[in-house]
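Student: I should like to request a close look at a single part of this structure. Please treat it in one connected account.

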Amino acid sequence: MSEVADRVMDAAYDEVADRGLVGVTVEAVAARAGISRATIYRHFPGGRDEIVDRTVGREAERFFAELLGATAGVSDPVAAVAVLVRSADAQLRAHAMLQRLLRDEAEALLPSLATFRPMVENGLTAHLRRVLAGATRSPDAVASIDEVADYASHMILSYVGTGGSWNLQDPEAVARLVDDRILGGL
Amino acid sequence: MVVTSDELRSRLIDGPSRGCSVDTDDRLAADAASGVARAVIDATLDSIARFGLSKTTVDDIVRASGVSRATIYRTFPGGRDGVVTAALLAEVDRFVDGLRAEMDVAAGLEATVTAALGHALEFLATHAALRAVLEIEPGIVVPLFAFHRLDRVLDLGVELLGPHLAAYLPAEDAASLAEHLVRVCLTYATAPSLYVDPTDRVSVRRLVRHHILDPHLSANPSL
């Protein structure tokens, strides 16, 4: 990723922090980044919308990198999924910008989230397939690892960062959630 | 949003208030009126399916239903929003009636869960107006369920499903499973999977048997 693109996205991020999503314009980003509009349009031909999309995308990439990092050292597949759930939930809750936007400007954020949802789903499913590849199966297991990963991915994305009755920072609760609600097919 | 979550909750749990009509003339009049109402509601849903919610006008509904503007406004006070609200509530009724009917005749935990989930998934997957709104104007629907706002929907689900599940599980487990089923329903309604065909009960039963209920059934095979 080019240095210019990174600086543009940093500036966009800071603009959102100060003025919210609706305040983000190419002019404001250019002024904050100290980069000309022409240069910005060269890197982001789609203008303001593309800047927002790719800034969101960069956050999604960071989210993933953190998830992969958290599970890297965990050899037991079921334990790895538990670590993944805790990391994902913690990251979503701690992401001040995300929480603020969801509270104040959900409608403005949605198009970008909709663009990245399939990417996040596919990435998570692929990662789960790798993690679960060597898992011990129960004797009457019927579903393939692909199918288990697909269901796990759907349910993890439903549970993390949302409300409901589960405290996902409690390791015991997460272990139960993983056994009962995420890896039931294993 | 045209309907508050309290109104929706009351609708889901208590059902619409139905007046009692004994006199034949009144009953005939009520039938005629409800026939007109049904035509207008169907026309509204049809228009939303074609144009989306924001772009649906009363003119569209007049054209699709053959019912006059005056009659529409008389039957559904509140103008366009009144008609749309009525259509939404009618669909909620249809959903809940169907759900309860299916769960009432299901015997055993697996059959009950399969019936509930199968009904919900199929309803959401095949609902033309809903699919159109999700595609054209996701900003209208998705915020209702996103992140912390999911709690309200989960509570409604627990109230609807909990009593049926409690026939087979301790109350706490019934509530937890009900919450989970709402999540399953929402996630598969918005993110399709190669492994789950929402219109095929065999596919849904597979999901229920091997992924959702497996832990419950392993613990208690008699369910």
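Student: How many salt bridges are counted between chain B and chain A? Please examine the part where the two chains meet, and set it in the context of each chain.

Tutor: The count between chain B and chain A is one salt bridge, the term denoting a side-chain nitrogen of Lys or Arg within 4 Å of a carboxyl oxygen of Asp or Glu. Two remarks on conventions come before the details. This is a predicted model, in which local features need pLDDT of at least 70 and side-chain atom pairs count only at pLDDT 80 or more, whereas totals for chains, interfaces and linings use all residues. Residues are numbered from 1 along each chain as its sequence is written, chains are lettered from A and ligands numbered from 1 in the order in which they are written, and side-chain values use heavy atoms, with hydrogens and water left out.

The bridge between the chains joins A:Glu147 to B:Arg206, with the closest N and O atoms 2.8 Å apart. This pair crosses from helix 8 of chain A (residues 145-159), which holds A:Glu147, to helix 11 of chain B (residues 201-212), which holds B:Arg206. Helices here are DSSP runs of H or I with at least four residues, strands are runs of E with at least two, and both are numbered from the N terminus. A:Glu147 counts as buried at 7% relative accessibility, while B:Arg206 counts as partly exposed at 31%. Buried means under 20% relative accessible area, exposed means over 50%, and partly exposed lies in between, for a 1.4 Å probe and protein chains only.

The wider interface brings 32 residues of chain B into contact with 31 residues of chain A, contact meaning heavy atoms within 4.5 Å. The size of an interface is often given as the accessible area lost when the parts come together. For chain B and chain A the buried area is about 2,800 Å², of which 53% is on carbon and sulfur atoms; this area is what the two parts lose on being put together, with a 1.4 Å probe, summed over both.

Helix 11 of chain B also takes part in a bridge within its own chain. The side chains of B:Arg209 and B:Glu110 meet in a salt bridge of 2.9 Å, N to O. That pair links distant parts of the chain, B:Arg209 being in helix 11 and B:Glu110 in helix 6 (residues 109-126), 99 residues apart. B:Arg209 is partly exposed, with a relative accessible area of 38%, whereas B:Glu110 is buried at 17%.

Chain B as a whole has 12 helices and zero strands. Of its 223 residues, 46% count as buried, and among its contacts with a separation of 6 or more, 68% come from residues 24 or more positions apart. One place in this chain is the loop between helix 7 (128-136) and helix 8 (138-141), where B:Glu137 lies. B:Glu137 counts as buried because its relative accessibility is 12%. Leaving aside neighbours within four places in sequence, B:Glu137 is in contact with B:Gly52, B:Leu53, B:Ser54 and B:Ala132. The C-alpha atoms of B:Glu137 and B:Leu53 are separated by 7.8 Å, although their positions lie 84 residues apart along the chain.

Chain A, on the other side of the interface, has nine helices and zero strands. Its C-alpha atoms fill a box of roughly 65 × 30 × 25 Å, taken along the principal axes. Buried residues make up 49% of its 186 residues, and 66% of its contacts between residues at least 6 apart in sequence join residues at least 24 apart.

Helix 4 of chain A (residues 47-72) contains A:Thr71, a buried residue with a relative accessible area of 6%. Apart from neighbours within four places in sequence, A:Thr71 is in contact with A:Ala80, A:Val83, A:Leu84 and A:His127. Helix 4 also contains both A:Glu59 and A:Arg62, three residues apart, about one turn of the helix. Their side chains meet in a salt bridge of 3.2 Å, N to O, and A:Arg62 counts as partly exposed at 45% relative accessibility. Elsewhere in chain A, a network of salt bridges links A:Glu15, A:Asp18, A:Arg19 and A:Arg32.

Over all chains, a search of the whole structure finds 25 salt bridges, and the count between chain B and chain A is one.
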